[in-house]
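Biologist: Before I plan any reading of this protein, I should like to be taken through its architecture step by step. Could you set the structure out and then answer my questions in turn?

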Amino acid sequence: MIIEAQGLTKTYQSKSGPVHALAGLDLQVPRGTVKALLGPNGAGKTTVVKMLTTLIRPDTGTAVIDGIDIIRHPKSVRRIIGVSGQYAAVDENLTGFENLEMVGRLYHLGGAAARRRAQELIDLFELTAAGNRPVKGFSGGMRRRIDLAGALVINPKILFLDEPTTGLDPRSRIALWDVIKRLVADGTTVLLTTQYLEEADQLADDIVVIDDGRVIAEGTSDQLKAQIGGHRVVVALVDATDVGTACEILARHGSGEPSVSTDGRGVEVAVTDGPTALQNMLSDLRAAEVNLHDAGMRRPTLDDVFLRLTGHKADLTVTDNDTNASGPKLSKRAQAKRAQKRAADADASDVEKVT
Ligand code: ATP
């Protein structure tokens, strides 16, 4: 294992009381693989990354990165890792090239080597045209790429990516995924955090689902999906007043309780024998004169897994495809957690300073 953490805990003290960010988290990441930490707002993902990258210390627990203890030898850990955080850490007034050169200098690469590496990364990230423009004119996707490039200046063995594509449009996300896939193909180990089920699905060999500071499930995407069984039948009603009848019919042929979408027109249920259940449902719906816009089957998503494991949705009221520049919309629970975090950040005087 290149990352091995055991029993990590972290409690922040804030004016509103203690916040248990991590409540005994174990984590193992095999060398050369991608592990995704998947969880809603406030689950503790960033806290794990800050700890493993030596920005904060655990209250209790241990972690070893490539054989190096993060508490006893933080400087040695920093020499072999790269980190790209949630908000691009770049100097707005410098060009993309200058930003990368500066990072190289901070790592004591020497002038010529720093410039050479900066140019390599500009080429790798296809930022050639923008490399000589100040970052303040960059789009969100370009900033993310420059920030990720900054994390790669020293060719890290392990790359930590904290929500690398939050707020990016779908095209930029796919472009960034491609870059990450190339790095992994070249042997880099990646630990990434994400709220996007699709992102974990796309990039990760293994997924750890966390909620309230602890691991609630772990496995490959397929293993997690298998936990909630087979297909699901989904119908879209023309008339929302038919929802009661539709639920009765779907329950009759399904293997669980049907759920209704927030607009009251979509009903879905898990099924064991998908095609037969769908046919039976359709004929009963027709007999009951329930008109449909649409009907079909879908495989379970990681969102379904999350709902099953935690009893609540993944705290995002939108699907992975609805991402826009302002980021995902948040449910009330997620908004409350965000507010708590902001208040906590404002209380910075009460909490441990990041060193
Ligand atoms: P997000 O997806 O919103 O970034 P996350 O899963 O990364 O969430 P963390 O940032 O690790 O979650 O936060 C975990 C919990 O710890 C949250 O309840 C948050 O409010 C709290 N927390 C984080 N940083 C601090 C801090 N400096 N002081 C007090 N509480 C904090």
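**Helices, sheet and burial**

Biologist: Which residues of α10 are buried?

Modeller: Please bear in mind that this is a predicted model. Seen down the axis of α10, the buried residues fall within an arc of 65 degrees, so they line one face of the helix. That face consists of A277, M281 and L285.

Biologist: Which residues on the other side of α10 are exposed?

Modeller: The buried residues of α10 line one face, since they fall within an arc of 65 degrees. On the other side, the exposed residues are P275, T276, Q279, S283, R286 and A287.

Biologist: Against which elements do the buried residues of α10 pack?

Modeller: The residues concerned are A277, M281 and L285. Their packing partners are two strands and a helix, namely β11 (232–237), β14 (292–298) and α9 (243–253).

Biologist: How far apart are the end C-alpha atoms of α10?

Modeller: Helix α10 covers residues 274–287, which is 14 residues. At 1.5 Å a residue the expected span is 20 Å, and the model agrees with this, because the end C-alpha atoms are 20 Å apart. Just after the helix, E289 takes a positive phi of about 60 degrees. The distance asked for is therefore 20 Å.

Biologist: Is helix α1 largely enclosed or largely open?

Modeller: Helix α1 spans residues 45–52. Its buried residues are K45, T47, V48, V49, M51 and L52. Since six of the eight residues are buried, the rest of the structure leaves α1 largely enclosed.

Biologist: Which residue just after α1 takes a positive phi?

Modeller: Helix α1 ends at residue 52. Just after the helix, a positive phi of about 70 degrees is found at T54.

Biologist: Which strands stand at the edges of the open sheet?

Modeller: The sheet has six strands in the order β6-β7-β8-β3-β9-β10, with mixed pairing. Each edge strand has a single partner, so one side of each is left without a neighbour in the sheet. From one strand to the next the twist averages 15 degrees. The edge strands are β6 (81–84) and β10 (214–219).

Biologist: Which residue of β8 is the bridge partner of A36?

Modeller: Strand β3 (residues 34–38) is joined by five bridges to β8 (residues 189–194), and the two run parallel. Within β8, the partner of A36 is L192.

Biologist: Which residue of β9 is the bridge partner of K35?

Modeller: Strands β3 and β9 run parallel and are joined by four bridges. Strand β9 (residues 206–211) is mostly covered, with five of its six residues buried. In β9, K35 is partnered by D206.

Biologist: Which residue in the hairpin of β9 and β10 takes a positive phi?

Modeller: These strands run antiparallel and are joined by five bridges. The bridge partner of V209 in β10 is A217. Two residues lie between the strands, and a positive phi near 50 degrees is taken by D212.

Biologist: At what angle to β6 does helix α5 run?

Modeller: Helix α5 comprises residues 140–151 and lies across β6 and β7 (158–162). Its angle to β6 is about 165 degrees.

Biologist: What share of the residues in the protein is buried?

Modeller: The protein has twelve helices and 14 strands. Among contacts with a separation of 6 or more, 69% are between residues 24 or more positions apart. Of the 355 residues in the protein, the buried share is 40%.

Technical notes: Residues are numbered from 1 along each chain as its sequence is written. This is a predicted model: local features need pLDDT of at least 70, side-chain atom pairs count only at pLDDT 80 or more; totals for chains, interfaces and linings use all residues. A residue is buried if 20 or more other C-beta atoms lie within 10 Å of its own, exposed if 12 or fewer, and partly exposed in between; C-beta atoms are placed from the backbone. The expected span of a helix is 1.5 Å times one less than its number of residues. The arc is that of the directions from the helix axis to the C-beta atoms. Two residues are in contact if their C-beta atoms, placed from the backbone, lie within 7 Å. Two strands pair if DSSP finds at least two bridges between them. Axes are lines fitted to C-alpha atoms, for helices over the stretch in contact, and angles run from 0 to 180 degrees between N-to-C directions.
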